[in-house]
Amino acid sequence: MNFPNYFSDAEASFNEGDYVIFGVPYDKTGSFRRGTKKAPYSIRQASWNFESYDLLTEVDLKNLNIHDYGDLDINNDESSVMRQKVEEFVLRILDNKKIPISIGGEHTITVPIINAYKKKNKNIGVIVFDAHLDFKDTYENNPHSHACVVRRISDIIGVDNVVVLGVRSGTKDEFEEGQKSGLLHLNSFDIKRNGIEWALNQVSKKFKDKDIYITLDIDSIDPSFAPGTSTPEPFGLEPFDILSCIKKFSSKLIGSDIVEVCPPYDKGETAILAARILRYIIAEISLNKT
Ligand code: MN
Ligand code: MN
């Protein structure tokens with residue numbers, strides 16, 4: 001069965017919208033499994049599973065002004081072209097005082113989004129949920145690989161304004177470099193042992209009053225909940241951990257993305273989870289917008 005190809009309850013025009021959802025169907029640098037470019041479509045379809053009323057926030061999403069722009073036209077572009085298109089579009093969203101909510105695609109789409117905030121002089125902290133440290137300077141001779149995303153974001157806004165949660169994979173060099181440059185990352189084993197609030201309190205101390213952007217690489221969540229991803233990694237976070245983070249920082253949240261959902265390896269549960277988290281992000285932000 002096919003549902004409309006826009007996110008459920010996203011019926012507002014661009015001008016009316018307080019939240020602008022857009023897809024970036026890009027998966028050129030994927031190294032293990034390809035197919036994340038199909039995620040915007042799958043996640044939109046999955047979004048029709050839900051009631052418009054969100055019990056957790058008591059927000060009815062049909063009463064919010066949500067715009068779904070559709071996908072940016074970037075299918076086979078070189079990385080530099082993709083980055084330019086994403087950055088320009090996010091600048092347009094920020095210029096119009098709207099909140100960008102994007103659907104990847106691979107994780108590299110986050111880099112130009114952060115660049116746009118930087119250009120607008122936004123003083124942001126970025127929370128990266130990821131199984132992978134993504135701190136390689138280059139990967140397969142490509143500094144713009146999905147394995148280098150945290151490094152590139154750190155180049156843009158400074159390593160002090162980035163934290164990575166849920167890490168459980170990376171090279172020894174990568175962890176040593178992260179250590180040397182002072183990157184705060186908390187692995188999934190310590191988060192399991194000490195609880196997500198322990199982790200979120202560290203983030204809170206670090207970012208203080210900064211606005212916050214959350215980029216959710218879906219592989220941060222355990223593959224038993226989110227199997228449909230490009231590079232699955234066991235011993236991950238639980239979906240409830242993500243909710244806790246969104247709730248804790250919702251009053252400061254100025255944008256978010258979900259990346260690395262890979263529909264060819266999904267029976268639908270990963271897309272459903274991603275769609276549900278996106279709906280929750282929007283509902284939570286709306287509570288603080290009045
Ligand atoms: Mn990643
Ligand atoms: Mn990852």
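In sequence, the donor residues of the manganese ion (ligand 2) follow the spacing D-x1-H-x84-D-x1-D, and in this predicted model that pattern can be matched to particular side chains. The ion is coordinated by Asp130 through OD, by His132 through ND1, by Asp217 through OD and by Asp219, which is listed twice with an OD atom, at distances of 2.1 to 2.6 Å. Reading the pattern against these names, the opening D-x1-H corresponds to Asp130 and His132, and the closing D-x1-D to Asp217 and Asp219.

The other manganese ion (ligand 1) has its own set of donors, namely His107 (ND1), Asp130 (OD), Asp134 (OD) and Asp217 (OD), at 2.1 to 2.3 Å. Along the chain these residues are spaced H-x22-D-x3-D-x82-D, a pattern that begins with the histidine, His107, and ends with Asp217.

Which residue bridges the manganese ion (ligand 1) and the manganese ion (ligand 2)? It is aspartate 130, and the two ions that it joins lie 3.3 Å apart. Asp217 likewise appears among the donors of the manganese ion (ligand 1) and among those of the manganese ion (ligand 2). As for the surroundings of these side chains, aspartate 130 and histidine 132 are both buried, and aspartate 134 is buried as well.

The backbone also deserves a careful look, and a general rule helps here: most residues other than glycine have a negative phi, and most peptide bonds are trans. Against that background, the peptide bond from glycine 104 to glycine 105 is cis, with omega near 15°. Glycine 105 sits in the loop between strand S5 (99–104) and helix H3 (110–119), and His107, a donor to the manganese ion (ligand 1), has a number that falls between the end of that strand and the start of that helix.

Two further residues draw attention through phi. Asparagine 141, which is not a glycine, has a positive phi near 60°, and its place is in the loop between strand S6 (124–129) and helix H4 (149–157). Is asparagine 141 buried or exposed? Its relative accessible area is 76%, so asparagine 141 counts as exposed.

Phenylalanine 235 is the other case, with a positive phi of about 65° although it is not a glycine. This residue is found in the loop between strand S9 (211–217) and helix H8 (239–249), and the strand ends at the number of Asp217, one of the donors of the manganese ions. Phenylalanine 235 is exposed because its relative accessible area is 61%.

Methods:
Residues numbered from 1 in each chain as written. Chains lettered and ligands numbered in written order. Predicted model: local features only at pLDDT ≥ 70, side-chain atom pairs only at ≥ 80, totals over all residues. Heavy atoms only, no water. Donors = N, O, S within 2.8 Å, 3.2 Å for Na, K, Ca; no water. Buried < 20%, exposed > 50% of the residue type's maximum accessible area, 1.4 Å probe, protein only. Helix = DSSP H or I, 4+ residues; strand = E, 2+ residues; numbered from the N terminus.
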